[in-house]
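Open the model in your viewer and keep the selection tool at hand. We will go stop by stop.

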Amino acid sequence: MEARPAVDDAALGRGAWSVLDANRAGAATVPAPGLYPHQWNWDSTFVAIGLARWNTRRAGAELLGLLAGQWRTGMVPHIVFRPARTEAYFPGPSVWRSRENPASPNGTPTSGLTQPPLHALAAWWVWRHAADREEAAALVRRLYPMLVAQHAYLATTRDLGGGGLAAIVHPWESGMDDSPVWDAPVGALPAVRYAYRREEPPGCHSDSHQDRYVWLALRYRDSGYDAAYLREDHPFAVEDPMFNGIWLASCQVLAELAPLAGADPGPHLEAAERIRAGLLERLWSDGVFRARDLRSGRLSPVSTVGCFGPMLDPGLPADRVEKLVGVLESPRFMGAAGYPVPSCEIRAPQFDRSRYWRGPSWVNTNWLLRLALAVHGRTDLVRLLGAGTLRLVRQAGFRECFDPFDGSGRGSGDFSCSAALTLDLLADNVGI
Ligand code: GLC
């Protein structure tokens, strides 16, 4: 554990603002200096959530800047590249070649993949917490058609299993890039070797694994980012409980936002019901939600923090909530960790306290789980998660992730998500 002087709330808040200001690049906030120099999809939604109570305009600009990269298909890309530093990250625009695709936005280079659809939830959070109601309502009216298009894309092009859920077509789409959940589907891909420059913090997958990730992205690119190819030929298609739990929660809040845009909330509530039914029928197994590999038909044998995503649904049946909370509190997750919430079940052979998404705790998943627990009235655990997360950043700084046993920081420093969500936690340390 790095020795740091005790940090009070005011100093912690000031520190969070200085990270967000230093990582600002035009309307966007990049995830971290150096390592991630562009605008990332779910990172920006977390930044908007963290800014929501203080700066409606900046939170709105963050979301609008990201959605400027939205494709005509409705897909919101996982990276929107900043023109000044195009090749400062691998794979950069010359790999994705988005501009060769007629569906991509004019002039804005992006990746060809997406990330968890937290956008409606972030827009709702901004609207809910904004001091200036008019400004927030105007923002919602601008965002609404983009969010509708995004959800329609997921419900059509990404329902690859035909059961009402959206499939991810690359591990990078999960936001939990190196999770052991992807080991089996990625292990089934051909072994390849590329020579490329990639800066990764220690703790990422071996090169051979990363090479398969790149190969998978190139295959999709070479199809012309084609929807029929995804259905028929693409070798990676997984229904992930966190991705779909987030989508469900976003559908529910989109129903609340619809009247502000003069639209009917009904279709969003129907979509939420379809996703709930899909989650229960297709992913519930052995007391948790598990990712389904559509190519092998198998459910993931390993439980991770993603298993709890469907708890974001207020309509999840109480018996399922109880089971999930039991698992979360048990020594499999929080019960044997010093700090919430390990990204992988501690007893799993794949658990590794130091490797990305294979053990370390993240502020963003803690925030999502805390929201899920609040939705189900588990104030005791909401407090525990909030306090445990603040303890992490107080002790180790705004790191990308943290050792779940001793709380030491891992990955990049000055990480925008961790800073932004700290602001939200500081403002609301008890309930939601
Ligand atoms: C890593 C993380 C992902 C995040 C990205 C940018 O790829 O796994 O969750 O969006 O970095 O911070």
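The tour visits the ligand and then a sheet. Keep in mind that this is a predicted model.

**Stop 1: the ligand and its shell**

Select the ligand. Now add the residues around it: Pro 31, Tyr 36, Trp 40, Trp 42, Asp 43, Gln 115, Gly 175, Asp 177, Trp 357 and Phe 415. Colour this shell by residue type. It splits into 6 nonpolar, 2 polar and 2 charged residues.

**Stop 2: polar atoms beside the ligand**

Show the side chain of Tyr 36. One of its polar atoms sits 3.3 Å from a ligand oxygen. Move to Gln 115. Here a polar side-chain atom is 3.1 Å from an oxygen atom of the ligand. Next, show the backbone of Gly 175. This time a backbone N or O atom lies 2.5 Å from an oxygen of the ligand.

How much of the ligand's accessible area does the protein cover? On its own, the ligand has 310 Å² of accessible area, and the protein covers 97% of that.

**Stop 3: the sheet**

Leave the ligand and select residues 167-168, which are strand β5. Add β6, residues 238-239, and β9, residues 292-293. These 3 strands make an open sheet with antiparallel pairing, in the order β5-β6-β9.

Which strands form the edges? They are β5 and β9, each pairing on one side only.

**Stop 4: across the strands**

Zoom in on β6 and β9. Their antiparallel pairing runs over 2 bridges. Finish by picking Glu 239. Opposite this residue stands Arg 292 in β9.

Notes. Residues are numbered from 1 along each chain as its sequence is written. This is a predicted model: local features need pLDDT of at least 70, side-chain atom pairs count only at pLDDT 80 or more; totals for chains, interfaces and linings use all residues. Side-chain values use heavy atoms; hydrogens and water are left out. A residue is near a molecule or strand if one of its heavy atoms lies within 4 Å of it. A polar contact is a pair of N or O atoms within 3.5 Å; within protein, one must be able to donate a hydrogen and the other to accept it, and residues adjacent in sequence count only if both atoms are side-chain atoms. Accessible areas come from the Shrake-Rupley method with a 1.4 Å probe; for residues, only the protein chains shown count as cover. Ala, Val, Leu, Ile, Met, Phe, Trp, Tyr, Cys and Pro count as nonpolar, Asp, Glu, Lys and Arg as charged, and the others, Gly among them, as polar. Two strands pair if DSSP finds at least two bridges between them. Helices (H or I, at least four residues) and strands (E, at least two) are DSSP runs, numbered from the N terminus.
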